Amino acid sequence: MSSNIERCYQCGQCTAACPMAEQEQAYKIRRFLQMEKLGLKSEEPMDIPFIFYCTTCYKCQDNCPQGVKIVDGLLSIREAAVRDGNILPAHRKIGQMLMDSGHAVPGNEEGKKRRLQLGLNEIPPTVASSEKQLNDIKILLNLSGFDQIVAEEKA
Amino acid sequence: MTELSLFLGCVAPNRYPGIEVAAKKVFSTLGVGLADLDGASCCPAPGVFRSLDKLTWLTLASRNITLSEKKSDDILTICNGCFSTLKDANDMLKEDPALKKDVNSKLAEIGHEFRGTQDVRHVVEYLYQEIGVDKVREAVTKPLNLRVAVHYGCHLIHPLKDSKLGLAGKPTFFDELVEATGAISVDYEDKMSCCGAGGGARTAILDATLKIANKKLEHMTEAGADCIVDACPFCHLQFDVGQAEINHKFAKNYNLPVLHYTQLLGLAMGFSPEELGIAMNIVDTSRFIEKVKMDTSENEVCTIV
């Protein structure tokens with residue numbers, strides 16, 4: 001599961017190919033790779049929330065002359081930050097939706113209306129249709145400690 | 001009749017159910033049955049949930065795969081994100097016995113076991129590789145007179161990088177399928193670029209993701225496209241809901257209908273825009289629907305003459 005960040009020699013081809021860097025100059029994938037290589041991980045609070053700007057489009061990785069698995073590396077950096085409690089509120093909210101419904105985007109009234117108009121069941125044939133299956137999801141999420149990751153911060 | 005398990009994901013069934021209907025209709029027409037995968041959950045999304053906790057992501061993905069293993073079906077995804085998660089998870093678990101053991105110790109708690117017997121497929125690469133462009137073309141009864149801006153999407157391309165689809169150069173497989181409907185796939189700048197939504201970015205930093213989408217929309221409009229055709233309900237949402245957000249926030253005036261490939265093919269197979277849910281978008285599709293209806297009726301007249 002490890003990435004190969006040590007191969008990075010800081011040429012900057014990653015940032016040059018990045019569609020997010022083009023729009024948001026504070027987002028510098030090259031800098032995060034160097035920090036990770038130096039073991040600086042999430043010790044720099046100024047880099048939160050920028051590590052969460054990546055759309056995982058893989059353009060950086062496709063452009064890397066060293067074949068660094070950049071996206072895997074960035075996802076590990078994010079995971080470490082989240083373990084240190086640096087989860088973004090928006091991501092906590094989606095995590096909680098997954099805990100509650102088994103879906104990151106659960107059904108809503110408009111969606112149900114559209115389903116009925118198309119001749120589909122109002123509730124899709126997913127975990128949304130089964131209490132037992134939803135309970136299975138919750139068991140797995142609790143086993144992985146995901147409930148703790150997305151729990152509200154203690155006051 | 002070949003049968004596949006249809007993996008719905010979240011955005012298609014809960015926001016754009018027209019895509020779910022269209023997938024079933026076009027596959028049935030092509031002689032492939034799509035069975036519901038009862039009890040499936042979020043894939044879970046490859047960027048956001050893999051960022052939060054990789055083992056959770058892998059465990060939930062493997063549970064979804066075990067649902068299809070129980071039926072001895074391969075999984076068919078209609079979403080790039082679901083494809084990326086389920087294919088990556090399937091490959092990782094097939095290749096790493098220690099990881100498989102770890103995940104299976106968790107799945108055992110709910111009476112599931114990952115065996116690694118099935119494959120994960122995406123609707124576009126399946127049509128291209130298993131059905132073939134010629135057969136898709138033969139199933140077209142109402143050729144479409146449209147200029148289409150094809151959006152491949154990052155998580156369709158990346159999981160296929162080691163496949164035979166010629167991804168080292170400029171891929172054409174999606175364009176070929178679009179052109180099999182009679183439509184023209186227009187060339188535009190940054191065609192292979194991201195919609196901006198993935199990785200948990202849309203929910204966390206909406207405006208930055210809209211700037212990325214705006215750039216693509218600008219190029220699609222310049223190319224004179226009648227519509228966008230994608231293969232991912234999340235890219236679909238970013239372009240459809242995103243146009244309204246961009247028009248409002250950045251004072252633009254975009255009005256480009258967004259279709260999933262299954263909806264485009266459904267139109268070309270003679271299904272009506274209404275039964276494919278094409279009007280169930282934020283972008284007003286009424287003029288587009290009028291054009292499709294007028295063009296196809298003219299084509300029919302030509303065929304009769």
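Buried means under 20% relative accessible area, exposed over 50%, and partly exposed in between (1.4 Å probe, protein chains only). The model is predicted: local features need pLDDT of at least 70, side-chain atom pairs count only at pLDDT 80 or more, and totals for chains, interfaces and linings use all residues. Residues are numbered from 1 along each chain as its sequence is written.

**Exercise 1.** Determine which residues of H6(A) are buried and what they pack against.

*Solution.* Helices are DSSP runs (H or I, at least four residues), numbered from the N terminus. Helix H6 of chain A covers residues 89-101. Its buried residues are A:His91, A:Arg92, A:Ile94, A:Gly95, A:Leu98, A:Met99 and A:Ser101. In chain A, these pack against H8 (131-143) and H9 (146-149); in chain B, they pack against H3 (48-52), H4 (54-71) and H11 (201-204).

**Exercise 2.** Identify the contacts that B:Phe49 makes with chain A, leaving aside neighbours within four places in sequence.

*Solution.* Contact means heavy atoms within 4.5 Å. The partners of B:Phe49 include A:Ile94, A:Gly95, A:Leu98, A:Ala104 and A:Phe146. Of these partners, A:Ile94, A:Gly95 and A:Leu98 are buried residues of H6(A).

**Exercise 3.** Explain why A:Cys11 forms no disulfide with the closest cysteine sulfur.

*Solution.* A disulfide is a pair of cysteine sulfur atoms within 2.5 Å. The closest cysteine sulfur to that of A:Cys11 belongs to A:Cys64 and lies 6.2 Å away, which is too far for a bond. A:Cys11 counts as partly exposed, because its relative accessibility is 38%. The search of the whole structure finds zero disulfides over all chains.

Technical notes:
Chains lettered and ligands numbered in written order. Heavy atoms only, no water. Helix = DSSP H or I, 4+ residues; strand = E, 2+ residues; numbered from the N terminus. Expected span 1.5 Å × (residues − 1).
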